[in-house]
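I opened this notebook to keep track of what I looked up, one topic at a time. The entries below follow the order in which I went through the coordinates.

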Amino acid sequence: MKKIQMVDLKGQYEKIKSAVDSSIINVIESTAFINGPEVHGFQKDLEDYLDVKNVIPCANGTDALQIAMMGLGLEQGDEVITVDFTFAATVEVIALLKLTPVLIDVEKDTFNMDLDALKKAITPKTKAIVPVHLFGQCADMEAILKIAKKHNLSVIEDTAQAIGASYTFSDGTVKKAGTMGTVGTTSFFPSKNLGCYGDGGAIFTNDDNLAHTIRGIVNHGMYRRYYHDVVGVNSRLDSVQAAILRIKLPLLDTYCEARRNAARFYNKAFKSIDSIVTPTTQVCRSICENCNCHVFHQYTLKITNGQRDALHKYLIDNSIPNAIYYPVALHRQKAYADERYNEEDFEVTNKLIKTVISLPMHTEFDEEQLTFITNRILDFFNK
Ligand SMILES: *Cc1c(COP(=O)(O)O)cnc(C)c1O
């Protein structure tokens, strides 16, 4: 059996090796390393794929969030609401910009922003909401956009884990993750669903004025060469990464489908085990056959019999990689703890950090590997 990996980047590369290698060599030979034609080309390709008016490439997903917030003109003391159960980058940039992070709880089924908690957290100082489309599925954007509109708030979608996912509104409109709010951000970190071979990120918006502002911010605040109108940053996607992403973008939907296939295999295998809760998808409440509502950046189980840590150890002993995303709630992290927070407002997150476990998830499984993983887990629960 092929060695089981949490993410099989090598196996994926081998299938696209000749295209990737020649695109990298082309960039090197062109010496257009920065802002070359590949960057512009990728920007256009991604605008088409997402059906969004503006894509602004940048250096990574954390920068993308920071730059989006700078572009919106958020100021010191403005409150920005985001979730307690996510990767720290989201709250980190809020704090870095001297905005006030307001962490709220998530829903127990989807792991995404809880709407009641959101409504409760809004104050006259609230300026923006940052829903994170966690593990590959969109937060309830229809409801979030409605709340945002009522209170005149910007919505920044953190799409680092959900590029390629779609969301269906109640009127049947389907939109891609990251294109529904005021602005969306993503990461091309190698292990993300659309990963490059280094760091990369992008910002999306249908607002042309905001796009113009952001294009200056990523480039030292310049709108005209050597005239610095605002304080900006230096955040670029390099041409080698863009060239690789141009090869991988046309494969993204196939990659997402491979992930969904693995998720279906897992779901089916674990059906009979009462103490395993398999992932719920928001729109379909099951893994839908024909839509992209979940792109499974992670395949995350909830273990309800108190055996999560024992399972984690058992899987390691059986050479099955796995991970706890996330082991600590952000409101309990040293950097983000605050006396404003009450433990009873984080009931779901406090429980999730003790019950979740993510299994290997990538595009390159064969059935033998999936059978091995699921059989070992079934053995654990049936022993
Ligand atoms: C990966 C990730 C980021 C940060 O992306 P980088 O490219 O690593 O900076 C931000 N938010 C979430 C939810 C992520 O998973």
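What follows are my entries on strands, salt bridges, polar contacts and a surface patch.

**Entry 1: the model.** I note at the outset that this is a predicted model.

**Entry 2: strand E2.** I began with strand E2 (79-83) and asked how many of its residues are buried. Five of the five are, so E2 is largely enclosed by the rest of the structure. I then looked at where the side chains go: Glu 79, Ile 81 and Val 83 point one way from E2, while Val 80 and Thr 82 point the other way. This fits the expectation that side chains in a regular strand alternate between the two faces of the sheet.

**Entry 3: the neighbours of E2.** Next I listed the strands that pair with E2. Strand E3 (residues 100-104) runs parallel to E2 and is joined to it by five bridges, and E4 is also parallel to E2, with four bridges between them. Ile 81 is a useful residue to follow here, since its bridge partner in E3 is Val 102 and its bridge partner in E4 is Ile 129. I also recorded the connection between two of these strands: E2, helix H4 (residues 89-96) and E3 make a right-handed β-α-β unit.

**Entry 4: a salt bridge beside E2.** I counted salt bridges and arrived at 17. One of them is between Asp 78 and Lys 127, whose closest N and O atoms are 3.3 Å apart. This pair links distant parts of the chain, with Asp 78 in the loop between helix H3 (61-71) and strand E2 (79-83), Lys 127 in strand E4 (residues 126-130), and the two positions 49 residues apart. Are the two partners buried or partly exposed? Asp 78 has a relative accessible area of 11% and is buried, whereas Lys 127, at 35%, is partly exposed.

**Entry 5: two further salt bridges.** I then turned to Arg 264 and Glu 257, whose side chains meet in a salt bridge at 3.2 Å, N to O. Arg 264 counts as buried at 18% relative accessibility, and because the cut-off for buried is under 20%, I write that value down explicitly. Glu 257 counts as partly exposed at 27%.

The other pair I looked up is Asp 379 and Arg 376, with 3.9 Å between the closest N and O atoms; a salt bridge is accepted within 4 Å. The two residues are three apart in helix H12 (residues 367-382), so they are separated by about one helical turn. Asp 379 is partly exposed, with a relative accessible area of 42%, and Arg 376 is partly exposed as well, with 28%. Elsewhere, salt bridges that share partners join Glu 38, Asp 45 and Arg 246 into one network.

**Entry 6: polar contacts in two loops.** I asked which residue the side chain of Asp 140 contacts. The partner is the side chain of Tyr 167, in a polar contact of 2.7 Å. Asp 140 lies in the loop between E4 and helix H6 (141-151), and it is buried, with a relative accessible area of 19%.

Asn 193, placed in the loop between strand E8 (183-187) and strand E9 (201-205), counts as buried at 3% relative accessibility. Its side chain reaches the backbone oxygen of Val 295 at 2.9 Å, and a polar contact of 3.0 Å joins the side chains of Asn 193 and His 297.

**Entry 7: a three-stranded sheet.** I looked up the order of the strands in this sheet and found E12-E13-E14, an open arrangement with antiparallel pairing. Strand E12 (276-277) and strand E14 (356-359) are the edge strands, each pairing on one side only. Strand E13 (residues 299-303) is joined to E14 by four bridges, and one position I checked is Lys 302, whose bridge partner in E14 is Val 356.

**Entry 8: a nonpolar surface patch.** Last, I looked at the surface, where Ile 28, Phe 33 and Ile 34 form a nonpolar patch with about 270 Å² of accessible area together. Phe 33 sits in the loop between helix H1 (9-30) and helix H2 (37-50), and its relative accessible area of 39% makes it partly exposed.

Methods. Residues numbered from 1 in each chain as written. Predicted model: local features only at pLDDT ≥ 70, side-chain atom pairs only at ≥ 80, totals over all residues. Heavy atoms only, no water. Patch = residues over 30% accessible without salt bridge, like charges linked within 9 Å, V, L, I, M, F, W, Y side chains within 5 Å. Areas by Shrake-Rupley, 256 points an atom, 1.4 Å probe, with all protein chains shown as cover. Buried < 20%, exposed > 50% of the residue type's maximum accessible area, 1.4 Å probe, protein only. Pairing = 2+ DSSP bridges. Right-handed = clockwise from strand over helix to strand, strands pointing away. Polar contact = N/O pair within 3.5 Å; in protein donor to acceptor, adjacent residues only side chain to side chain.
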